[in-house]
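Here are a few exercises to work through with the model open beside you. Try each task on your own before reading the solution.

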Amino acid sequence: MRMRYFFITIISVLASGLFLNSCSKDDAALPTITFNQTEGKANSQGEFTVSGHIQSEIALSKVIITKEGSSTPFLTDDTTAKNKTDYDFAYLITGVTTNTYLIVDIYNQANDKTTVRFLIRP
């Protein structure tokens with residue numbers, strides 16, 4: 001009889017563990033981004049429009065673009081990207097005089113974040 005309760009307890013614990021594991025957050029919920037080009041080439045005025053598509057299972061909250069090495073965001077889009085699960089974007093980047101990496105942070109409304117880098121050459 002004791003053995004039976006022991007096995008029932010073990011099976012219950014294992015089943016609970018499997019259930020909790022299946023409910024954990026996974027990478028599928030993270031926003032994804034695809035760019036229309038693999039890297040950018042700025043025009044003679046140092047401007048480039050970075051464009052592409054963002055997809056998220058959970059509605060977006062914001063997109064923040066920072067030039068690598070800067071502590072201040074170059075652009076924060078918390079209006080046009082907000083509440084969308086599919087978003088075609090185009091952001092004008094200015095002041096490109098040397099090879100510049102953009103750090104693109106994409107947040108959904110669950111505060112999950114995807115970060116990618118994008119190179120713009122002068």
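**Exercise 1. Work out the open sheet and find its edge strands.**

Step 1. Start with the strand order: in this predicted model, five strands form an open sheet in the order 2-8-7-4-5, and their pairing is mixed.

Step 2. Look at the two ends of that order. Strand 2 (40-41) and strand 5 (75-77) each have a single partner strand, so one side of each lacks a neighbour in the sheet.

Step 3. Now move inward to strand 7 (residues 100-108) and strand 8 (residues 113-121), which pair in the antiparallel sense over eight bridges. Within this pairing, Tyr107 has Lys113 of strand 8 as its bridge partner.

Step 4. Place the sheet in the chain as a whole. The protein chain has one helix and eight strands, and from the N terminus the elements run α-β-β-β-β-β-β-β-β.

**Exercise 2. Find the aromatic pairs and classify two of them by geometry.**

Step 1. Recall what is needed: a pair of aromatic rings is described by the distance of the centres and the angle of the planes.

Step 2. Search the whole structure, and four aromatic pairs turn up. For Phe35 and Phe89, the ring centres are 6.1 Å apart and the planes stand at 85 degrees; an angle over 60 counts as edge-to-face, so that is the class of this pair.

Step 3. Check where the two residues sit in the chain. Phe35 belongs to strand 1 (residues 32-35) and Phe89 to strand 6 (residues 86-93), so the pair links distant parts of the chain, 54 residues apart.

Step 4. Turn to Phe89 and Tyr91, whose rings are 5.5 Å centre to centre with 25 degrees between the planes, making the pair stacked.

Step 5. Join the pairs up: ring pairs link Phe35, Phe48, Phe89, Tyr91 and Phe118 into a cluster.

**Exercise 3. Decide whether Phe35 and Phe89 are buried or partly exposed.**

Step 1. Take Phe89, which has a relative accessible area of 5%; this is under 20%, so Phe89 is buried. Tyr91, its stacked partner, is buried too.

Step 2. Compare with Phe35: at 22% relative accessibility, Phe35 counts as partly exposed.

Step 3. For context, 34% of the 122 residues of the protein chain count as buried.

**Exercise 4. Find charged side chains that sit over aromatic rings.**

Step 1. Go back to Tyr107: the charged end of Lys62 sits over its ring, 5.1 Å from the centre.

Step 2. Then look at Tyr101, where Arg117 lies over the face at 3.9 Å from the ring centre.

Technical notes:
Residues are numbered from 1 along each chain as its sequence is written. This is a predicted model: local features need pLDDT of at least 70, side-chain atom pairs count only at pLDDT 80 or more; totals for chains, interfaces and linings use all residues. Side-chain values use heavy atoms; hydrogens and water are left out. Rings of Phe, Tyr and Trp (its six-membered ring) pair if their centres lie within 6.5 Å; planes under 30 degrees apart count as stacked, over 60 as edge-to-face and the rest as tilted. Helices (H or I, at least four residues) and strands (E, at least two) are DSSP runs, numbered from the N terminus. Buried means under 20% relative accessible area, exposed over 50%, partly exposed in between (1.4 Å probe, protein chains only). A charge sits over a ring if NZ of Lys or CZ of Arg is within 6 Å of the ring centre and within 35 degrees of the ring normal. Two strands pair if DSSP finds at least two bridges between them.
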